[in-house]
Amino acid sequence: MPARPDPNHQSAVDRLTRASGPIDVHVVSGQPATIRAGAERSWLPHRPWSRYLNSLLLIVVVTVAGQPLRLFLSPTNVVMLYLAAVVYAAVVWGRGPAILASVLGVLAFDLFFVPPTFTLAVSDTEYVLTFIGLLVVGIVVSTLAAQAREQAEAAYARALQTGQLYDLSRGLAAAAELDELLSVLRRHVEKTFGRQAAILLPDGENLALRAASLDLALDEDERAAADWAFRHATPAGCNTANLSAARLRYLPLSTARGALGVLGVMGPAQPDRHLLPDQVRLLEAFASQGALAIERAELAQQAQQAEVLRAGEKLQAALLNSISHDLRTPLVSITGALSSLQEDSAALDADARRALLDNARGEAERLNRLVGNLLEMTRLEAGAVRVKSELVEVVDLVETGLEQLRDRLGDRPVVVDVPADLPLVPGDFVLLVQVLVNLLDNAFKYSPAAAPVEIRARAAGDAVEIEVADRGPGLPPEDLGRIFNKFYRVQRPGSVTGTGLGLAICKGLVEAHGGRVEAANWPGGGARFVVTLPLPPAAPHG
Ligand code: ADP
């Protein structure tokens, strides 16, 4: 048995419309290309008088063309020609011209075809019926044809409006920022209604003009009407019931949250060219589409601000944490060592004193590095880092970096592989050493004391790559994208101290040289950082 349609079945559109409550749902067919072509045609509420002239000419033509037929057709058959002319006039020019054609047709038929010709007198009474028939058929056919035509025109106008609405929503969806969105709305109103437009949004207590057609200025009275429309969320101005002396018609841009602004559209240039009811409805649909888009843009902006604020707060918390913990720990150790030396110096032997001093010095250096990092980061962020451009030997960089970390090195094996023919790198020697020191410092910090650390350099096309690799635990793959962020630290068990600034500084410094730094894991275990520094185009290779 064939499945019967379920009477309770509702289409997706029905369900959506029911569920949407106060939200407007516009159903738009997906044929933008054909509808778009129509959208450019202007509205023609008043059709020209020349249609009546055409109708008259058609009857003249039929009468002239019918003359030779008189010889072999009876007059009643000639009537068919007039009937055809009336139908043609009805279909092509509308009801008025068709009625004119039927009246003129009857007269012409009587004058030129019914004996006695050239008078309106009728000799044969049977023609009276023909006259009436022609008139009635003419009027009926023309009325039906005109109705069909009007329905087609109405359907066309609706398709046109839907297309215009669809165009607008596509334009609004593509606009990324509020100002862009407002200018999309203004342009669509101008194009669709052929009138100047203005959009006002609240700015503190008052409305501010945010988008307006060229040469459109709003005086005090106009602003008062716009303000009224905004405060009462009701249309005001030209051709409305409120403050109708204004030049523009002001529509509130309302959503469920209330009025978000006002859309102003210039009144008619000539007093009789009012917007038709259909056009007013379309304008209102434009206003509600615009309002929804503005609401979306404002919500997105608020979300972004909240995100920035949240990130800022996180940063402050991290900074406070880092300062309170990482600054205080070495200070406590140094103060403790110094007070022991001061108070118990008599009780301490030379070795104990040296151990205390070493400890205090190590902590002071750590503190120095930390404060240096914080300062460097601040300078980088403020754009205050000046990069000198000198030609630097990579091998010198490596040697100076290792020299600076001599105390940390101990017995750790360090493999250095820098080819003798490596090109000189343009850059700032001091800053590039700092990049290497930070990477090496991490490699020493995060790998076992006896594990080797490798420093390799090589030419790679128009750049030089410097790689620092260790055999420690490596980096969690999910953190690879984040470890260069400020204050980002990988959470690990153990007590390796740090601030999460070292790699962020590396990145900032390398980028200030036009290069990049990347992190990866060795397949065999351990982390691997590669700094790529660009060579100038004419640098001597080899
Ligand atoms: P920190 O002061 O914490 O060392 P960095 O910015 O230098 O800050 O490093 C960020 C994070 O990256 C560190 O918390 C650390 O876990 C991880 N990391 C950096 N270098 C290495 C490495 N060579 N091996 C393993 N993890 C590393």
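**Exercise 1. Is F109 buried or exposed?**

The model is predicted. Start with the cut-off: buried means under 20% relative accessible area. F109 has 0% relative accessibility, so F109 counts as buried.

**Exercise 2. Work out the aromatic surroundings of F109.**

Step 1. Take the total. There are eight aromatic pairs in the structure. One of them joins Y82 and F109.

Step 2. Classify that pair. The centres are 6.4 Å apart and the planes meet at 65°. Planes over 60 degrees apart count as edge-to-face. The Y82 and F109 pair is therefore edge-to-face.

Step 3. Place the partners. Y82 sits in helix α4 (residues 75–93) and F109 in helix α5. They are 27 residues apart, and the pair links distant parts of the chain. Both residues are buried.

Step 4. Turn to F113. Its ring centre lies 6.2 Å from that of F109, with the planes at 25°, so this pair is stacked. The cut-off for stacking is under 30 degrees. F113 has a relative accessible area of 5%, so F113 is buried.

Step 5. Put the rings together. Y82, F109 and F113 make up one aromatic cluster.

**Exercise 3. Check the span of helix α5 and list its buried residues.**

Step 1. Helix α5 covers residues 95–112, which is 18 residues. From first C-alpha to last it reaches 25 Å. The expected value at 1.5 Å a residue is 26 Å, and the helix comes close to it.

Step 2. Buried in α5 are P97, A98, A101, S102, L104, G105, V106, A108, F109 and D110.

Step 3. Read the spacing of such a list with the helix period in mind. An α-helix has 3.6 residues a turn, so residues three or four places apart point the same way.

**Exercise 4. Trace the open five-stranded sheet from edge to edge.**

Step 1. Write down the order: β2-β1-β5-β4-β3, paired antiparallel.

Step 2. Find the edges. β2 and β3 (236–237) each have a single partner strand, so one side of each lacks a neighbour in the sheet.

Step 3. Inspect the β2 edge. β1 (residues 197–203) and β2 (residues 206–212) run antiparallel and share six bridges. I199 faces A211 in β2. The two strands form a hairpin with two residues between them. G204 in that turn has a positive phi of about 70°.

Step 4. Inspect the β3 edge. Two bridges tie β3 to β4 (residues 248–255), again antiparallel. A236 has Y250 in β4 as its bridge partner.

**Exercise 5. Which sense of pairing does β9 show with β7, and which with β10?**

Step 1. β7 (residues 414–417) and β9 (residues 453–460) are parallel, with four bridges. V414 is set opposite V453 in β9.

Step 2. β9 and β10 (residues 463–469) are antiparallel, with seven bridges. Here E454 is set opposite A469 in β10.

Step 3. Look at the turn. The β9 and β10 hairpin has two residues between its strands, and G461 has a positive phi near 65°.

**Exercise 6. Describe the largest pocket.**

Step 1. Its volume is about 1,400 Å³.

Step 2. The lining has 47 residues. Nearest the centre are Y446, R489, G498, T499 and G500.

Step 3. Sort the lining by type: 20 nonpolar, 16 polar and eleven charged.

Step 4. Find the contributors. α9 (277–343), α10 (350–381), α13 (429–445), α14 (502–512) and β12 (527–534) each give at least two residues. α9 gives the most, with eight.

Technical notes:
Residues numbered from 1 in each chain as written. Predicted model: local features only at pLDDT ≥ 70, side-chain atom pairs only at ≥ 80, totals over all residues. Heavy atoms only, no water. 1 Å grid on protein atoms, 1.4 Å probe; cavity = no way out; pocket = protein on both sides within 12 Å on 5 of 7 lines; lining within 4 Å. Points joined across faces, edges and corners; volume = space filled by probe spheres on them. Nonpolar A, V, L, I, M, F, W, Y, C, P; charged D, E, K, R; others polar. Pairing = 2+ DSSP bridges. Expected span 1.5 Å × (residues − 1). Buried < 20%, exposed > 50% of the residue type's maximum accessible area, 1.4 Å probe, protein only. Phe/Tyr/Trp six-rings, centres within 6.5 Å; stacked < 30°, edge-to-face > 60°.
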